[in-house]
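The exercises below are to be worked with the sequence and the coordinates at hand. Each task is followed by a solution in steps.

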Number of protein chains: 2
Amino acid sequence: MAKATASSDDAFARFKSYLREQRLKSTAQRDVIVEVFLEGSGHASVEELYGRVRKRNPRIGYATVYRTMKLLTECGIADERHFRNGEARYEIAEKEHHDHLICERCGKIVEFEEDRIEALQEQAARKLGFELRGHKMELYGICADCRRKKSRG
Amino acid sequence: MAKATASSDDAFARFKSYLREQRLKSTAQRDVIVEVFLEGSGHASVEELYGRVRKRNPRIGYATVYRTMKLLTECGIADERHFRNGEARYEIAEKEHHDHLICERCGKIVEFEEDRIEALQEQAARKLGFELRGHKMELYGICADCRRKKSRG
DNA sequence: GCGAAATTGATACTCATTTTCAGTTAGCCA
DNA sequence: TGGCTAACTGAAAATGAGTATCAATTTCGC
């Protein structure tokens, strides 16, 4: 029933093999949660995922959603992010690295990539004696839509 | 008793005038908490501050430390930050903006500033239609000390 | 010094997330 | 297929950071 893209099928299959490798079990609950996550547009909170999961199977508990999202994160299919309010949001792990631009008014999250910034980060870390392992960068501002609305009243 | 630098004296005085302006009260508890904060090396968690505060006055409660740190943040003397684990850490607000480089092994936090990165951030946001309001950037890596220790065993 | 308004400390609460635990399954082996 | 056991599940209790509540206390303008 679910619209599944080639890449989400792929991720689903990867999840299944991860379970097999780790001698973990494949369950109907996990299947639903992973499907819902992969169908989503990304940046979903556990609460949002839980809401969508329950529409398919109202008997699935909150804890199972948490547990499954942790599994997905471990096996590299999901990335866990924490934006300003601190609550976790999950996005589908993409091959290319990217950062986030977040609208302070409507909460919209846009992804972007800027190699020149990455290069400068690497350089800044090295200058201070660090071996860079990762980073977190979020830009906060007001998106075009919100600025337009504001000026109209 | 407390070693106080010229700038911490200054910040202390600024706190006092903030209280006066806002018609808030000066109390012994607030004095202790602010002193402890200003003497510290920065990036202290509430728990750490609370521990140090209690050595001077064991009757001061946790809530008062939270409340006072919030006041300090409001009046621009402290900046509240949230690094990976999510718990708040406070640093003395400096005039110049800076970002953080954090050692994943020992937790050391180093501040740095890189105008070229800032400029590129501004540019990236504008390109996507955003008016930039702020950002959060943390680099994670392994510091020189930890790399040295590791290689010695 | 008075007295209203602010503050305090203890404690109860919130909210996101984790753990616990008793009952339920999945998946390996015969 | 049937059995077994470790893994899984849902509900509910527990956690941990931070906030709100409230009676008792303190500050400070008059």
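**Exercise 1. The interface between the chains**

Task: Determine how much area chain A and chain B bury between them, and which residues of chain A lose the most.

Solution. Step 1: in this predicted model, the two chains bury about 3000 Å² between them. Carbon and sulfur atoms carry 65% of that area.

Step 2: on the side of chain A, the residues that lose the most area to chain B are A:Leu120, A:Phe130 and A:Lys136. Together these three make up 21% of what that side buries.

Step 3: counted by contact, with heavy atoms within 4.5 Å, 34 residues of chain A meet 34 residues of chain B.

Step 4: the interface residues of chain A are, to 100%, also interface residues in chain B, so the copies meet through the same surface.

**Exercise 2. The symmetry of the pair**

Task: Find the operation that lays chain A on chain B, and state what kind of axis relates them.

Solution. Step 1: superposing chain A on chain B takes a turn of 178° and a shift of 0.0 Å along the axis, and leaves an RMSD of 0.4 Å. This is therefore the relation of a two-fold axis.

Step 2: to locate the axis in the structure, look for A:Met137. Its C-alpha lies 2.2 Å from the rotation axis, and no residue of chain A comes closer.

**Exercise 3. The architecture of one chain**

Task: Describe chain A by its secondary structure and its domains.

Solution. Step 1: chain A has six helices and six strands. Read from the N terminus, the order of elements is α-α-β-α-α-β-β-β-β-α-β-α.

Step 2: along the principal axes, the C-alpha atoms of chain A fill a box of roughly 50 × 45 × 30 Å.

Step 3: the domain assignment divides chain A into domain 1 (6-92) and domain 2 (99-152). Seven residues from domain 1 of chain A and eight residues from domain 2 of chain A form the contact. The centres of these domains, taken over C-alpha atoms, are 26 Å apart.

Step 4: domain 1 and domain 2 of chain A bury about 630 Å² between them, with 56% of this on carbon and sulfur atoms. Within domain 1 of chain A, the most area is lost by A:His43, A:Phe83 and A:Arg84, which together account for 73% of what that side buries.

**Exercise 4. The surface near DNA strand D**

Task: Which elements and residues supply the surface near DNA strand D, and which parts of the strand do their side chains reach?

Solution. Step 1: DNA strand D is surrounded by 18 residues, the closest being A:Thr27, A:Arg30, A:Thr64, A:Arg67 and B:Tyr66. Of the atoms of DNA strand D within 4 Å of the protein, 72% belong to sugar and phosphate.

Step 2: helix 2 (28-39) and helix 4 (62-74) of chain A, along with helix 4 (62-74) of chain B, each give at least two residues to this surface. The largest share, four residues, is that of helix 4 of chain B.

Step 3: sorted by class, the surface near DNA strand D holds eight charged, five polar and five nonpolar residues.

Step 4: a side-chain N or O atom of B:Tyr66 lies 2.7 Å from a phosphate oxygen of DNA strand D. Two side chains reach base oxygens: a polar atom of B:Lys25 is at 2.8 Å, and an N or O atom of B:Arg67 is at 3.4 Å.

**Exercise 5. The surface near DNA strand C**

Task: Repeat the analysis for DNA strand C, naming the residues around the strand and the elements that supply them.

Solution. Step 1: 18 residues surround DNA strand C, and the closest are B:Lys25, B:Thr27, B:Arg30, B:Thr64 and B:Arg67. Sugar or phosphate makes up 74% of the strand's atoms within 4 Å of the protein, and bases the rest.

Step 2: helix 4 of chain A, and helix 2 (28-39) and helix 4 of chain B, each supply at least two residues. Helix 4 of chain A gives the most, with four residues.

Step 3: the classes are five nonpolar, five polar and eight charged.

Step 4: a polar side-chain atom of B:Thr27 is 2.5 Å from a phosphate oxygen of DNA strand C. The side chain of B:Gln29 has an N or O atom 3.0 Å from a sugar or linking oxygen of the strand. From the other chain, a polar side-chain atom of A:Lys25 lies 3.1 Å from a base nitrogen of DNA strand C.

How values were computed
Residues are numbered from 1 along each chain as its sequence is written. Chains are lettered from A and ligands numbered from 1 in the order in which they are written. This is a predicted model: local features need pLDDT of at least 70, side-chain atom pairs count only at pLDDT 80 or more; totals for chains, interfaces and linings use all residues. Side-chain values use heavy atoms; hydrogens and water are left out. A residue is near a molecule or strand if one of its heavy atoms lies within 4 Å of it. A polar contact is a pair of N or O atoms within 3.5 Å; within protein, one must be able to donate a hydrogen and the other to accept it, and residues adjacent in sequence count only if both atoms are side-chain atoms. Ala, Val, Leu, Ile, Met, Phe, Trp, Tyr, Cys and Pro count as nonpolar, Asp, Glu, Lys and Arg as charged, and the others, Gly among them, as polar. Copies are superposed by least squares on the C-alpha atoms of residues with pLDDT of at least 70 in both. Domain bounds come from an automatic or database domain assignment. Buried area is the accessible area (1.4 Å probe) that two parts lose on being put together, summed over both.
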